[in-house]
Amino acid sequence: MKRTFLFNAILIVAFNSVNAQQSTNPKDTEAWSPVPKMVSFQNTPADAIILFNGGNLNQWLTVKDKSAAKWTVKDNIFTVNKGTGNIETKQSFSNYQLHIEWLIPANITGSGQARGNSGLFLASTGVGDSGYELQLLDSYNNSTYSNGQAGSIYKQAIPLVNASKKPGEWQSYDIVWNAPVFNDNGSLKSAARVTVLHNGILIQNNVEIKGETVYIGAPFYKKHGPSPIKLQDHGDPSEPISFRNIWIREL
Ligand code: MG
């Protein structure tokens, strides 16, 4: 009796073990929840926050004094108004998908870093150029250091390829940003990561960010929470660059 019970028990365990390893039912690996929400795309995704679609810069502020953004809006685009300073979104974000279109003017002059320089700070952590800069620059036919050309994470990550278009042609960045996470004591829990497509071409593939962009020295992190997105009014004397069609989806 005891032996029969033991024998049966071994048989059941063996059967279940084989069954677990060799399921023949495709339904065992189907996940039916959660159901992804329906999102349609008509010019912008239906669930996007529009940061600029041609009307005004009401979603943006001058960083240094939080006054209204003073860049120039005309013909459904806006253009850096040199000397008025960096601008940033009124709203703060953590993880997001962002689309932005930008134009180096056809008559651009200058060379190296002084040729259509601007920047998109993936998170603005204060005044000036603080934060994590994705470089905007004319890199169509313009030599500079590789980790400072268009599509670089400035002085941290060289783009995989140069996907630049000619001055006078609109370009786009599509960005997936995963913000850094900090411990209560201010130390880094997990680094930020970024993926960037430039004109539809992958140029930054889930790159780990080393810290905030610095002009001199090594990048470093300092604790911050949800942050605005900032555009750079670079001090170089070349013709100002323009922007259009900016939207963001919080993740
Ligand atoms: Mg820049």
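Donors are N, O and S atoms within 2.8 Å of the metal, and water is not among the atoms, so sites may look incomplete. The exercises below use a predicted model.

**Exercise 1. The magnesium site**

Task: identify which residues coordinate the magnesium ion, and state how they are spaced in sequence.

Solution.
- Step 1. The magnesium ion is coordinated by OD1 of Asn117, O of Ser118, OE of Glu133, OE1 of Gln135 and OE1 of Gln232. The distances run from 2.1 to 2.3 Å.
- Step 2. Written as a sequence pattern, the donor residues are spaced N-S-x14-E-x1-Q-x96-Q.
- Step 3. Is Glu133 buried or exposed? The cut-off for buried is under 20% relative accessible area. Glu133 has 5%, so Glu133 is buried.
- Step 4. Gln135 has a relative accessibility of 1% and therefore counts as buried.

**Exercise 2. The strands around the site**

Task: place strands E9 and E10 in their sheet, and state which way their residues point.

Solution.
- Step 1. The sheet is open and has five strands in the order E4-E7-E16-E9-E10, with antiparallel pairing.
- Step 2. Why do E4 (60-62) and E10 leave one side without a neighbour in the sheet? Both stand at the edges, and each has a single partner strand, so one side of each is left without a neighbour there.
- Step 3. E9 (residues 118-121) pairs with E10 in the antiparallel sense over four bridges. In this pairing Gly119 stands opposite Gln135, and Phe121 stands opposite Glu133.
- Step 4. E9 also pairs with E16 (residues 230-231), in the antiparallel sense over two bridges. Here Phe121 stands opposite Lys230.
- Step 5. From E10, Glu133 and Gln135 point one way and Leu134 and Leu136 the other way; all are buried.
- Step 6. From E9, Ser118 and Leu120 point one way, Gly119 and Phe121 the other, and all are buried.

**Exercise 3. The largest nonpolar core**

Task: find which residues of the largest nonpolar core touch the most other members, and which elements supply the core.

Solution.
- Step 1. The core has 45 residues, of which Leu120, Leu122, Tyr173, Ile175, Trp177 and Phe243 touch the most other members.
- Step 2. The elements giving two or more residues to this core are E3 (49-52), E8 (96-103), E10 (133-136), E11 (170-178), E14 (193-198), E15 and E17 (242-250). E8 gives the largest share, four residues.
- Step 3. Take Leu122, leaving out residues up to four places away in sequence: Leu122 touches Tyr96, Tyr132, Leu134, Ile153, Ile175, Trp177, Val194 and Ile229.

**Exercise 4. Ile203**

Task: describe where Ile203 lies and what surrounds Ile203.

Solution.
- Step 1. Ile203 lies in strand E15, residues 201-208.
- Step 2. The relative accessible area of Ile203 is 0%, so Ile203 is buried.
- Step 3. Not counting residues up to four places away in sequence, Ile203 has contacts that include Gly151, Ile158, Leu160, Tyr173 and Val196.
- Step 4. Ala157 is 46 residues from Ile203 along the chain, and their C-alpha atoms are separated by 9.8 Å.

**Exercise 5. Aromatic pairs**

Task: classify the pair of Trp71 and Phe243, and state which parts the pair ties together.

Solution.
- Step 1. The whole structure holds 11 aromatic pairs.
- Step 2. For Trp71 and Phe243 the centres are 6.2 Å apart, with 25 degrees between the planes. Planes under 30 degrees apart count as stacked, and this pair is stacked.
- Step 3. Trp71 lies in the loop between E4 and E5 (72-74), whereas Phe243 is in E17, so the pair ties together parts 172 residues apart in sequence.
- Step 4. Trp71 and Phe243 are both buried.
- Step 5. Ring pairs link these two with Phe52, Trp60 and Phe78 into a cluster.

**Exercise 6. Ser139**

Task: state where Ser139 is found and what the side chain of Ser139 reaches.

Solution.
- Step 1. Ser139 is in the loop between E10 and E11.
- Step 2. With a relative accessible area of 4%, Ser139 is buried.
- Step 3. The Ser139 side chain reaches the backbone nitrogen of Ala150 at 2.9 Å.
- Step 4. Apart from neighbours within four places in sequence, Ser139 is in contact with Gln149, Ala150, Asn162 and Ser164.

Notes
Residues are numbered from 1 along each chain as its sequence is written. This is a predicted model: local features need pLDDT of at least 70, side-chain atom pairs count only at pLDDT 80 or more; totals for chains, interfaces and linings use all residues. Side-chain values use heavy atoms; hydrogens and water are left out. Buried means under 20% relative accessible area, exposed over 50%, partly exposed in between (1.4 Å probe, protein chains only). Contact means heavy atoms within 4.5 Å. Donors are N, O and S atoms within 2.8 Å of the metal (3.2 Å for Na, K and Ca); water is not among the atoms, so sites may look incomplete. A nonpolar core is a set of buried Ala, Val, Leu, Ile, Met, Phe, Trp, Tyr and Cys residues joined through side-chain atoms within 4.5 Å. Two strands pair if DSSP finds at least two bridges between them. A polar contact is a pair of N or O atoms within 3.5 Å; within protein, one must be able to donate a hydrogen and the other to accept it, and residues adjacent in sequence count only if both atoms are side-chain atoms. Rings of Phe, Tyr and Trp (its six-membered ring) pair if their centres lie within 6.5 Å; planes under 30 degrees apart count as stacked, over 60 as edge-to-face and the rest as tilted.
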